[in-house]
Amino acid sequence: MRFKCLISILCLTVVANLSGAAQAPVVSPSIPNIVFVLCDDLGYGDVQILNPEHGKIPTPSMDRLGREGMIFTDAHSGSSVCTPTRYGLLTGRYSWRTSLQRGVVQGFKPCLIARERPTVASFLKAQGYHTAIVGKWHLNFLYLDPETQKPIQRKGRHTLAPVGSTIPDGPVDRGFDYYHGFHHAGDMKGVIENDTVIAHEDEIHMLPRLTQKAVEYIDARAQDDDGQPFFLYVPYGSPHTPIVPTEDWKGKSGLGDYADFVMQTDAGFGEILAALDRNGLTDNTLVIFSSDNGCSKAANIPALAQQGHQVSAEFRGSKADLWEGGHRVPFIVRWPEVVQAGSRSDQLLCLTDFFASCADILDTKLPSDGAEDSVSFLPALKGEPIVSTREGVIHHSISGHFGYRMGKWKLLLARGSGGWTSPKEDQAKRSRAPVAQLYDLANDPSETTNLYESQPEVVQRLLAQLEADVFRGRSTEGSTAKNDVKQIQLWKSGR
């Protein structure tokens with residue numbers, strides 16, 4: 001089973017050759033290595049190639065990927081905050097189907113991904129891949145005291161598990177062969193390798209550490225002569241807080257610490273690309289670059305705007321919001337064997353779609369008990385329309401407010417941003433704003449004109465589809481599924 005896709009490709013080639021010299025040979029891409037780099041709180045407009053007019057932060061490595069691959073202009077994270085997006089990326093399932101109905105997790109609790117649930121990592125591992133994660137997990141796990149082997153209790157925001165603490169339900173128990181990183185920003189000082197806390201060190205060292213470990217992993221896999229493909233997931237903790245560019249990067253941007261940190265993150269990504277180049281792995285490695293949500297208010301968005309930099313480009317809002325700036329994210333794909341360099345796609349996709357895309361690439365069926373909200377974007381990589389049994393994409397904010405996107409229409413079940421940007425829900429309610437919002441993104445990508453009251457038929461159509469996708473346990477066709485909780489409240493602010 002390990003290399004069955006490669007065998008299938010070889011068989012197709014043999015059949016084509018036996019059928020006659022006049023027939024052109026079948027040319028198929030080989031099984032790719034996969035590298036997925038996920039930044040933390042990087043806004044769509046923070047990538048200069050995506051925001052050429054109002055992107056003032058130099059991002060040469062991200063821009064390089066855009067020139068050498070395909071830029072997706074309408075890609076969305078599964079949520080406008082961290083934990084839910086990471087859950088969706090790894091499981092192909094929206095996080096609000098679990099007990100996490102709003103916000104993010106804080107660690108020191110059982111893993112949000114159930115032990116029996118398939119992940120992209122466990123799926124690829126079953127297909128013969130070596131799997132690794134280098135970076136931020138933020139999906140909960142337990143720490144066991146090194147002496148008593150009892151779970152350690154979280155006593156404050158920055159609780160650190162002692163060196164030697166072990167983790168019974170972390171990434172290496174959810175499909176990954178190797179893990180090096182940390183749980184989340186609040187305990188970034190706790191360095192973990194595989195299932196053990198190995199060190200405590202200042203947060204400023206984490207970004208360089210992750211880059212070094214990702215490069216070391218690529219070098220090590222390249223030296224193996226067994227031909228085993230690998231999946232490397234690099235969820236950077238930057239440019240999320242703590243915003244700590246190292247001394248050699250401070251002042252580089254001329255725009256402040258956040259922009260400096262973005263530049264340092266870009267340079268780290270560049271080292272990963274260089275490692276692929278150096279080892280001759282570029283042509284047959286699928287590289288995906290994205291972010292878990294929009295830019296955070298911690299970046300001091302108004303100060304950046306005064307200097308001409310728009311973190312969300314033309315889009316409204318930022319991290320935590322239902323507006324586009326909260327969840328429309330950079331999504332750039334390079335795979336030289338398949339993707340045309342310098343190409344662009346305006347097709348709608350979600351980070352939950354990574355799982356189904358991997359299965360499609362390997363010509364393998366998805367697990368029947370997983371990836372309920374995942375659709376393959378492989379056709380888009382070939383310049384073809386995405387074929388989907390899903391009607392639309394569901395959006396979700398930090399406060400648990402829902403939105404639904406279908407074609408050009410976007411319905412928000414919130415009066416305000418649903419997140420941190422003004423007007424927030426209470427402000428919008430006091431101003432007697434409509435109970436919900438509807439936007440025509442084809443003509444109003446900045447979400448300036450609310451059509452909720454003037455387009456009741458569109459509202460009802462999107463609302464009915466949202467309800468169906470939420471309550472039947474999946475948004476794609478497939479075997480019967482259930483949410484992990486009995487009740488999911490669609491209207492968080494009443495009607």
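Which loop holds Ala-313? Here's a set of close-ups from a predicted model, and the first one takes that up.

**View 1. Ala-313 and its backbone.** Ala-313 sits in the loop between helix H7 (301-306) and helix H8 (324-327). Its phi is positive, about 55°, although Ala-313 isn't a glycine. Is Ala-313 buried or exposed? With a relative accessible area of 11%, Ala-313 is buried, because the cut-off for buried is under 20%.

**View 2. His-138, another non-glycine with positive phi.** Go to the loop between E4 and E5 and you'll find His-138. It isn't a glycine, yet phi is positive here, at about 55°. His-138 counts as buried because its relative accessibility is 5%.

**View 3. Two cis peptide bonds ahead of prolines.** One links Thr-241 to Pro-242, with omega near -5°. Pro-242 belongs to the loop between E8 and H6. The other runs from Ser-422 to Pro-423, and omega is near 0° there. For Pro-423, look in the loop between E15 and helix H11 (425-430).

**View 4. Helix H5 and what it packs against.** Helix H5 covers residues 206-223, 18 residues in total, so at 1.5 Å a residue it should span 26 Å. The C-alpha atoms at its ends are 26 Å apart, which agrees. Plenty of side chains to look at here: the buried residues include Met-206, Leu-210, Val-215, Tyr-217 and Ile-218. Charged names turn up in the buried list too, among them Arg-209, Lys-213, Asp-219 and Arg-221. What do the buried residues of H5 pack against? Their partners are strands E4 (130-136), E5 (178-182), E6 (190-193) and E8 (230-235), plus helix H6 (257-278).

**View 5. Strand E15 with a partner strand in E14 and another in E16.** E14 (residues 402-406) runs antiparallel to E15, and four bridges join them. One pair to pick out is Gly-403 with its bridge partner in E15, Leu-412. The two strands form a hairpin with two residues between them, and in the turn Gly-407 has a positive phi of about 60°. E15 also pairs with E16 (residues 437-440), again antiparallel and over four bridges. Here Lys-410 has Tyr-439 as its bridge partner in E16.

**View 6. The two faces of E15.** In a regular strand, side chains alternate between the two faces of the sheet. Which residues of E15 lie on each side? Trp-409 and Leu-411 are on one, Lys-410 and Leu-412 on the other. All four are buried, so both faces of this strand (residues 409-412) are covered.

Definitions and conventions
Residues are numbered from 1 along each chain as its sequence is written. This is a predicted model: local features need pLDDT of at least 70, side-chain atom pairs count only at pLDDT 80 or more; totals for chains, interfaces and linings use all residues. Side-chain values use heavy atoms; hydrogens and water are left out. Buried means under 20% relative accessible area, exposed over 50%, partly exposed in between (1.4 Å probe, protein chains only). Two strands pair if DSSP finds at least two bridges between them. The expected span of a helix is 1.5 Å times one less than its number of residues. Contact means heavy atoms within 4.5 Å.
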